[in-house]
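User: Please take a close look at one part of this chain for me, and then show how the rest is built around it. Keep it brisk.

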Amino acid sequence: MVDLNTSLRKAYFAALSSIDPAVPVFYFAAPPNKKFDLYIVYRSLTNKDESTKSSSDTRTFVIVEIYSRNMSVNSGADVDDLAGKILAAIYPDRHTNITIDGGQVVNTEMTFDLVNPYNVISGEVFLSRFLTFKHIIYQSSN
């Protein structure tokens, strides 16, 4: 069994950074001293051993979070549009998987999609949406 988190983080960063028009992408957390109108944070890489007698495999979950802020009104249209672009980058269809070093992603599913209630803070409306992806990964080296 090898640790594929770094490889998976790099693959997610590359996929999410390819979204057009560009949206800021961060691993784990956005910088606390900056304000963005729309951005992505991906984190919570969770692995469960699914190995067999002849292979080293994991069931891996990754949460991709979308955050949006707007003055007075926030319809959520930007969040929904960005969610569609994230799905196209990570999970375009049942037969396409992201490529990682040290293993092969053989299955991808979007297991959870949560749109959180909006928050109003100092006249700004904040929205967030969390997409959880599950990957079955066959490790290619031990």
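Analyst: Ser122 sits in the loop between strand 6 (119-121) and strand 7. This is a predicted model. Ser122 has a positive phi of about 50°, although it is not a glycine. Most residues other than glycine have a negative phi. Ser122 is also exposed, because its relative accessible area is 72% and exposed means over 50%.

Two other loops carry backbone features of this kind. Phe28 lies in the loop between strand 1 and strand 2. Its phi is positive too, at about 75°, and it is not a glycine. Pro21 lies in the loop between helix 1 and strand 1. The peptide bond leading from Asp20 to Pro21 is cis, with omega near 0°. Most peptide bonds are trans.

Now the whole chain. It has two helices and seven strands. Read from the N terminus, the order is α-β-β-β-α-β-β-β-β. The C-alpha atoms fill a box of roughly 55 × 30 × 25 Å along the principal axes. Of the 142 residues, 38% are buried. Take the contacts between residues at least 6 apart in sequence: 63% of them join residues at least 24 apart.

Strand 7, which follows the loop of Ser122, is among the elements that cover the buried residues of helix 1. Strand 7 also helps cover the buried residues of helix 2. That leads to the helices.

Helix 1 covers residues 5-17. Its 13 residues should span 18 Å at 1.5 Å a residue, and the end C-alpha atoms are 18 Å apart, so the span agrees. The buried residues of helix 1 are Ser7, Leu8, Ala11, Tyr12, Ala15 and Leu16. These residues cover an arc of only 155° around the axis, so they lie on the same side of helix 1. The pattern fits a general rule: an α-helix has 3.6 residues a turn, so residues three or four places apart point the same way. The cover over this buried side includes strand 1 (25-27), strand 2 (38-49), strand 3 (57-71), helix 2 (77-90), strand 4 (99-100) and strand 7 (124-139).

Ser17 also belongs to helix 1. Ser17 is partly exposed, because its relative accessible area is 33%. Ser17 and Thr132 are 115 residues apart in sequence, and their C-alpha atoms are 18 Å apart in space.

Helix 2 has 14 residues. From first C-alpha to last it reaches 20 Å, close to the 20 Å expected at 1.5 Å a residue. Val79, Leu82, Ala83, Ile86 and Ile90 are buried in helix 2. These residues cover an arc of only 110° around the axis, so they fall on the same side of helix 2. Helix 1, strand 2, strand 3, strand 5 (103-115) and strand 7 are included in what covers them.

How do the two helices meet? Helix 1 and helix 2 pack at an angle of about 130°, with axes 9 Å apart. That angle makes helix 1 oblique to helix 2. Helix 1 passes helix 2 in a right-handed crossing. Tyr12, Ala15 and Leu16 make the contact from helix 1, and Ile86, Ala89 and Ile90 make it from helix 2. Tyr12, Ala15 and Leu16 are also among the buried residues of helix 1. Ile86 and Ile90 are among the buried residues of helix 2.

Next comes the loop between helix 2 and strand 4, where Tyr91 is placed. Tyr91 is buried, because its relative accessible area is 17% and the cut-off for buried is under 20%. Beyond its neighbours within four places in sequence, Tyr91 is in contact with Ile86, Thr108, Glu109, Met110 and Phe133. Tyr91 and Ala30 are 61 residues apart along the chain, with 23 Å between their C-alpha atoms.

Phe133 appears again in the contacts of Phe61. Phe61 is found in strand 3. Phe61 is partly exposed, because its relative accessible area is 27%. Its contacts, leaving aside neighbours within four places in sequence, are Ser44, Leu45, Thr46, Thr111, Thr132, Phe133 and Lys134. Thr46 lies 15 residues from Phe61 along the chain, and their C-alpha atoms are separated by 5.1 Å.

Back to the starting point: Ser122 is an exposed residue, because its relative accessible area is 72%, and it has a positive phi.

Definitions and conventions. Residues are numbered from 1 along each chain as its sequence is written. This is a predicted model: local features need pLDDT of at least 70, side-chain atom pairs count only at pLDDT 80 or more; totals for chains, interfaces and linings use all residues. Side-chain values use heavy atoms; hydrogens and water are left out. Helices (H or I, at least four residues) and strands (E, at least two) are DSSP runs, numbered from the N terminus. The expected span of a helix is 1.5 Å times one less than its number of residues. Buried means under 20% relative accessible area, exposed over 50%, partly exposed in between (1.4 Å probe, protein chains only). The arc is that of the directions from the helix axis to the C-beta atoms. Contact means heavy atoms within 4.5 Å. Axes are lines fitted to C-alpha atoms, for helices over the stretch in contact, and angles run from 0 to 180 degrees between N-to-C directions. Angles under 35 degrees count as roughly parallel, over 145 as roughly antiparallel, 65 to 115 as roughly perpendicular and the rest as oblique. A crossing is left-handed if the near helix is turned anticlockwise from the far one by less than a right angle, and right-handed if clockwise.
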